[in-house]
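Reader: Before I rely on the labels attached to this model, I would like to see how each of them is justified.

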Amino acid sequence: MIHKSNPFLWRVYNFLLNISRKLGFADFGVAKAEPLTDCIPRYEHYISQGYNAGMSYLERNFDKRMDPCKLYEGAKSVLVFLAPYSAQNPENGIASFAYGLDYHKVLKDRLYQFLAESGIEGRPFVDSAPIVERQWAVRAGLGLIGKNQFLISPELGLRTFIGVILSTVPYEQIDCPDLRFKKSKVPQDCGSCGRCIAACPTGALTEDGILDARKCVSYRTIESKELQSGETAGGSGFFFGCDRCLNACPWNNPQIKGWPEFEQNKGEIEAVSKQEWLSMSQEEFEKRFGDTPLSRPGLEKLKNNINFA
Ligand code: B12
Ligand code: SF4
Ligand code: SF4
């Protein structure tokens with residue numbers, strides 16, 4: 001038994017786990033930093049089919065994306081953190097992840113705090129770097145990937161943001177029976193269910209089990225640089241992001257409490273009528289929603305989305 005021959009191994013994992021909990025993370029896991037060999041065919045297929053739509057950055061840095069050691073020299077372990085956002089979405093047009101502060105900054109600040117408190121060497125990443133975050137979350141034992149492409153945590157559900165730290169601490173120094181037990185408990189897949197596929201308003205969840213961003217309402221209303229045509233929301237009523245395949249999933253857990261930062265604007269956002277969005281000035285938009293994810297597409301695109309939703 002590893003823990004008897006080297007009790008230190010238990011302590012490193014539990015020490016890090018405790019700091020992650022203290023900082024409010026709802027789950028934490030660790031994987032060995034190594035090439036994502038089993039991910040390559042799927043990723044290549046995704047790009048070759050054009051499923052990445054206009055997000056050409058997903059075609060770049062392939063080597064780094066498939067191998068964290070090429071992204072951060074000396075990386076030996078991948079620490080993965082889940083931050084819950086639980087605002088339930090009455091499907092009134094705006095996806096629930098946008099009801100508070102932009103998660104990139106909130107999460108990154110917290111990951112820097114983790115580095116400071118744990119004293120380990122590493123670099124935090126949230127979204128912006130060539131890292132296949134959901135795949136790392138699976139490898140770290142935090143959940144499975146559903147047919148809707150979400151990282152699904154059996155305990156927390158689907159409303160979680162993922163944060164990653166690439167660290168120089170050898171995985172072997174963190175690996176322990178607790179971590180292995182955690183990994184062994186995660187279900188492999190979602191079986192014969194297909195509710196998310198049926199719920200998707202635009203058929204964006206493809207037969208080959210991948211998401212075609214060209215059809216995804218979330219892509220069309222947030223990321224796409226084009227001002228949209230009538231196909232934007234597939235009649236879903238969403239004009240910023242989309243929660244249909246999330247809400248349809250039986251793993252969705254409405255009991256989970258999200259970080260307050262992620263729902264601090266909920267009431268205010270819900271109170272704005274479509275008419276008010278359409279007549280809002282740029283100045284007012286920036287003042288009220290400049291630090292929320294709504295600022296990513298900007299007011300002009302938001303208004304255009306509303307006109308076509
Ligand atoms: C680009 C992007 C998007 C694009 C494209 C999404 C896509 N599926 O490709 C768009 C704009 C559509 C989007 C939408 C959303 N996104 Co987004 N997005 C990203 C980003 C920046 C990159 C994702 C990526 O690399 N895509 C390329 C594809 C090929 O990679 P992938 O989907 O991860 O799939 C890989 C593996 O996971 C694996 N895999 C996938 N499916 C399966 C299935 C099986 C069985 C197996 C074995 C493997 C496997 O294979 C692929 C690699 O080869 C990530 C952050 C990051 N750096 O990872 C956030 C991220 C995935 N998004 C996130 C969120 C919250 C959303 C939205 C919910 C926002 C909203 N409400 O509108 C929606 C959800 C839509 C959905 N159903 O996935 C979260 C997801 C959190 C979670 N718990 O899953 C992330 C991780 C950001 C974060 N840091 O929290 N997103
Ligand atoms: S986010 Fe909406 S449009 Fe995109 S795959 Fe899910 S249900 Fe379909
Ligand atoms: S709705 Fe069903 S098929 Fe889709 S992700 Fe959830 S469990 Fe899997």
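**Labels and their grounds**

Author: In this predicted model, the shell around ligand 2 takes at least two residues from each of helix H11 (217-223) and helix H12 (244-247).

Reader: Which residues come nearest to ligand 2?

Author: Of the 14 residues around ligand 2, those that come nearest are Cys200, Cys216, Cys242, Arg244 and Cys245.

Reader: What makes 10 residues of the shell around ligand 2 nonpolar, when cysteine is among those that come nearest?

Author: Cys counts as nonpolar and Arg as charged under the classes used here, and by those classes the shell around ligand 2 has 10 nonpolar, three polar and one charged residues.

Reader: How do you know that Gly146 and Trp251 belong to the surroundings of ligand 3?

Author: The criterion is a C-beta atom, placed from the backbone, within 6 Å of the molecule, and the residues that surround ligand 3 include Gly146, Lys147, Asn148, Cys190, Arg195 and Trp251. By class, that shell around ligand 3 divides into seven nonpolar, three polar and two charged residues.

Reader: Which domains supply the shell around ligand 3?

Author: Domain 1 (2-185) and domain 2 (195-251 + 265-308) each contribute at least three residues to the shell around ligand 3.

Reader: How do you know that domain 1 and domain 2 are in contact, when their C-alpha centres lie 25 Å apart?

Author: Contact is judged residue by residue, with C-beta atoms within 7 Å, and by that test 30 residues of domain 1 are in contact with 35 residues of domain 2. The side of domain 1 that touches domain 2 comprises 14 nonpolar, 13 polar and three charged residues.

Key: Residues numbered from 1 in each chain as written. Chains lettered and ligands numbered in written order. Predicted model: local features only at pLDDT ≥ 70, side-chain atom pairs only at ≥ 80, totals over all residues. Domains from an automatic or database assignment. Contact = placed C-beta atoms within 7 Å. Helix = DSSP H or I, 4+ residues; strand = E, 2+ residues; numbered from the N terminus.
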